[in-house]
Amino acid sequence: MSKGTYLFTSESVSEGHPDKVSDRISDTVVDAFLGADPYARVACETLTTTNRIVIAGEVRLDRKKCGARAPMLKPVGKGQPKINKPLLEKLARAAVKDIGYAQKGFHWKNAKVEILLHGQSADIAQGVDSKDNKDEGAGDQGIMFGYACNETPELMPAPLQYSHNILRLMAEARHSGKEKMLEPDAKSQVTLRYENGKPIGCTAVVVSTQHNEKVDQDDVRDIVRPYVEKVLPEGWMPPSDQLYVNPTGKFVVGGPDGDCGLTGRKIIVDTYGGAAPHGGGAFSGKDPTKVDRSAAYAARYLAKNVVAAGLAEKCVIQIAYAIGVSHPLSVYVNTFGTGNVDEARLAKALPEIMSLTPRGIREHLGLNKPIYARTTAYGHFGRTPDGTGGFSWEALDLVDELRRAFN
């Protein structure tokens with residue numbers, strides 16, 4: 001974005017949004033397979049609609065254990081659970097229950113679950129598999145972007161981070177029982193005013209949240225307002241007439257009952273809220289051999305460390321791959337005129353500091369773990385690394401090395 005005075009808006013959606021329900025189920029499937037076999041291949045898509053869940057895609061377990069195109073019904077290793085349809089159905093229902101859906105039109109217990117997973121194509125597998133002198137190749141062609149900026153402590157664009165935070169606080173209150181009138185489906189949108197490229201205030205906030213039929217629009221507004229006030233910096237609350245809560249007036253029917261959900265339809269919500277480019281590939285439902293996911297995580301990791309090291313105020317990184325090829329075809333860096341080092345030097349140095357082959361990314365970030373269901377709501381970025389390996393791409397462990405490399 002250019003410097004100057006302008007307005008910029010980003011949106012977020014809650015864990016109960018139909019597309020996010022689908023993302024959650026797809027990544028629950030990924031976690032199930034990776035928990036049984038760290039090198040499982042999974043490409044899973046989920047459709048959710050009125051009391052119906054359809055899970056489809058391709059899977060493969062480790063060849064040495066189960067054969068080149070092992071069916072998903074085979075047990076994986078001694079003492080490991082059998083990954084079969086009853087288990088996956090149980091996990092899908094548990095995910096929906098955890099989100100909070102026990103409604104007539106979409107109920108964790110009553111929804112019909114259909115599972116249509118099958119073996120991964122041998123043509124795709126041969127491009128990814130390492131063999132003889134060939135290293136593991138990328139699972140697909142594509143371009144992936146990572147971004148970071150110093151607008152928030154999380155080094156994320158402020159409009160998106162505030163949108164996420166509003167919905168996260170509301171969800172926590174709903175789960176705790178504090179807000180009994182709120183239901184799982186919700187969306188938020190925050191508009192900020194920028195001067196000289198920096199956010200200086202909020203001009204509008206939109207929150208639409210599913211609610212119990214016992215409350216009206218004014219009641220919901222009273223519930224929502226304190227969470228907006230808590231998230232925005234002091235003095236940034238927009239005028240009362242620019243706080244839009246359930247602008248249609250009523251939002252009782254929601255979730256997959258109100259709108260069909262599909263995996264991978266909220267890629268801008270998942271990343272940078274439109275503040276940075278996006279390569280077009282979704283994350284959820286994919287194991288880490290798919291560079292749509294793993295390389296986007298690596299690009300964010302590098303961009304975040306560049307900004308945290310003080311080498312730039314904002315940074316976007318693009319990495320490109322060809323299917324079956326291990327090394328990236330290109331690495332591009334743009335610091336938007338805020339950098340303290342030459343961008344070409346950065347583009348050359350970053351792949352030397354961290355291997356950007358699919359194998360290098362997986363091993364550096366520890367991605368062969370069941371860590372993905374937790375990513376599916378409130379953004380894949382701007383999160384806190386946890387003790388089990390989740391959000392490893394948010395770590396700042398390259399800062400000292402980058403500072404040394406660029407004095």
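Which residues of α3 are buried? Select Leu88, Ala92, Arg93, Ala95, Val96 and Ile99, which are the buried residues of this helix, where buried means under 20% relative accessible area, exposed over 50%, and partly exposed in between, with a 1.4 Å probe and protein chains only. Seen down the axis of α3, these buried residues fall within an arc of 155°, so they line one face of the helix; the arc is that of the directions from the helix axis to the C-beta atoms.

Before going further, note that this is a predicted model, in which local features need pLDDT of at least 70 and side-chain atom pairs count only at pLDDT 80 or more, while totals for chains, interfaces and linings use all residues. Residues are numbered from 1 along each chain as its sequence is written, and side-chain values use heavy atoms, with hydrogens and water left out.

**Along helix α3**

Now select residues 85-99 as a whole: α3 has 15 residues and reaches 21 Å from its first C-alpha to its last, close to the 21 Å expected at 1.5 Å a residue, the expected span being 1.5 Å times one less than the number of residues. Helices (H or I, at least four residues) and strands (E, at least two) are DSSP runs, numbered from the N terminus. At the N-terminal end, show Asn84, which caps α3 through a side-chain oxygen 3.0 Å from the backbone nitrogen of Leu87; a polar contact is a pair of N or O atoms within 3.5 Å, where within protein one must be able to donate a hydrogen and the other to accept it, and residues adjacent in sequence count only if both atoms are side-chain atoms. After the helix comes Gly100, whose phi is positive, near 120°.

Turn next to the face of α3 directed away from its buried side, where the exposed residues Pro86 and Lys90 are found. On the buried side, add α1 (18-36), β3 (52-60), β4 (112-119), α5 (158-176) and β6 (182-195), against which the buried residues of α3 pack, contact meaning heavy atoms within 4.5 Å.

**From α3 to α1**

Display Arg24 and Asp98, which form a salt bridge with their closest N and O atoms 2.8 Å apart; a salt bridge is a side-chain nitrogen of Lys or Arg within 4 Å of a carboxyl oxygen of Asp or Glu. Arg24 lies in helix α1 and Asp98 in helix α3, so the pair ties together parts that are 74 residues apart in sequence. Arg24 is buried, with a relative accessible area of 17%, whereas Asp98, at 44%, counts as partly exposed.

Staying on α1, select Asp19 and its salt-bridge partner Arg265, whose closest N and O atoms are 3.0 Å apart. This pair links distant parts of the chain, since Arg265 sits in the loop between β9 (261-262) and α8 (267-270), 246 residues from Asp19. Asp19 is buried at 2% relative accessibility, while Arg265 is partly exposed at 42%.

**A stop on β6**

Return to strand β6 and pick Thr191, which counts as buried at 10% relative accessibility. Leaving aside residues up to four places away in sequence, Thr191 touches Leu7, Phe8, Thr9, Gly201, Cys202, Thr203 and Ala204.

**The core**

Finally, select Phe33 and Ile55, the residues with the most contacts inside the largest nonpolar core, which has 110 residues. Helix α9 (residues 291-308) gives the most to this core, with 11 residues.

Key. Core = buried A, V, L, I, M, F, W, Y, C linked by side-chain atoms within 4.5 Å.
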